[in-house]
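Visitor: Before we begin, could you take me through this protein and give the reasoning behind each label that you use?

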Amino acid sequence: AMAATLMAHSPQGFAQEAIQGKVVSTKLTHCDFKPGGCAGNLTLETENQGKVSQIVVDVPLGTKIHKGNETVYLPALRGRSVNIVLAANKGEKTAQSIEIKAKKP
């Protein structure tokens, strides 16, 4: 409930954005093997107007990582296409939630 309150009442300068791309690597710094129990970072490959770039995104403890209703752990994201809701604070990219995109049939 507190996270929802924080998101609804974000202080100025705390912008929220969404990005999508393919996870090319993950780095795990902590994992409790429970939903939201993994922390670390991931490198996301994005394409914008034909230009490919890589962005490092911090994944703090408590970040919701899912595919539909299924909980997914950070290391399982490697090679997957994802949508990430970010909180960009002082130039750092921090994930608030990560959703694996469904593969197209």
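**Reasoning from values to labels**

Guide: Let us begin with T43, which has its place in strand β2; please keep in mind throughout that this is a predicted model.

Visitor: What makes T43 count as buried or exposed?

Guide: The relative accessibility of T43 is 13%, and since buried means under 20% relative accessible area, T43 counts as buried.

Visitor: Which residues does T43 touch, leaving out those up to four places away in sequence?

Guide: With those sequence neighbours set aside, T43 touches K22, V23, V24, S25, Q54, I55 and V56. One of these, V56, is also the bridge partner of T43 in β3.

Visitor: Why are β2 and β3 said to pair, and in which sense?

Guide: Pairing requires at least two bridges between two strands, and β2 and β3 are joined over nine bridges in the antiparallel sense, so they are counted as a pair. Further along, N48 stands opposite K51 in β3.

Visitor: Where is Q49 found, and what is its phi?

Guide: Q49 is found in the loop between β2, residues 38-48, and β3, residues 51-59. Its phi is positive, about 55°, although Q49 is not a glycine. The hairpin of β2 and β3 in which Q49 takes this value has two residues between the strands.

Visitor: How do you know whether Q49 and E47 are buried or exposed?

Guide: The cut-off for exposed is over 50% relative accessible area; Q49 has 81% and is therefore exposed, while E47, which lies in strand β2, has 61% and therefore counts as exposed too. E47 and K22 are 25 residues apart in sequence, and their C-alpha atoms are 9.4 Å apart in space.

Visitor: Why is the link between C31 and C38 called a disulfide?

Guide: The label asks for a pair of cysteine sulfur atoms within 2.5 Å, and the S to S distance between C31 and C38 is 1.9 Å, so the pair qualifies. A disulfide is a covalent bond between the sulfur atoms of two cysteines. A search of the whole structure finds one disulfide. As for C38, its relative accessibility is 3%, which is under the 20% limit, and so C38 counts as buried.

Visitor: What makes the contact of K93 with E17 a salt bridge?

Guide: A side-chain nitrogen of Lys or Arg has to lie within 4 Å of a carboxyl oxygen of Asp or Glu, and the closest N and O atoms of K93 and E17 are 2.9 Å apart, so the pair meets the condition. The two residues belong to distant parts of the chain, K93 to strand β7 and E17 to strand β1, 76 residues apart. Side chains of opposite charge can pair when their charged atoms come close. One salt bridge is found in a search of the whole structure.

Visitor: Why are K93 and E17 called partly exposed?

Guide: Partly exposed covers values between the limits of 20% and 50%; K93 is at 25% and therefore partly exposed, and E17 at 32% is therefore partly exposed as well. Q96 lies in strand β7, and its 23% places it in that range too, so Q96 is partly exposed. The C-alpha atoms of Q96 and A18, which are 78 residues apart along the chain, are separated by 9.7 Å.

Visitor: Which residues of the largest nonpolar core touch the most other members?

Guide: That core has 17 residues, of which L42, L77, V82, I84 and I98 touch the most other members. The elements giving two or more residues to this core are β1, β2, β3, β6 and β7. In soluble globular proteins, nonpolar side chains tend to be buried together. Beyond four places in sequence, I98 touches ten residues that include L42, L77, V82 and I84.

Visitor: How many helices and strands are there in the protein?

Guide: The protein has one helix and seven strands, and from the N terminus on its elements run α-β-β-β-β-β-β-β. Buried residues make up 28% of its 105 residues. Among contacts between residues at least 6 apart in sequence, 53% join residues at least 24 apart.

How values were computed
Residues numbered from 1 in each chain as written. Predicted model: local features only at pLDDT ≥ 70, side-chain atom pairs only at ≥ 80, totals over all residues. Heavy atoms only, no water. Helix = DSSP H or I, 4+ residues; strand = E, 2+ residues; numbered from the N terminus. Buried < 20%, exposed > 50% of the residue type's maximum accessible area, 1.4 Å probe, protein only. Contact = heavy atoms within 4.5 Å. Core = buried A, V, L, I, M, F, W, Y, C linked by side-chain atoms within 4.5 Å.
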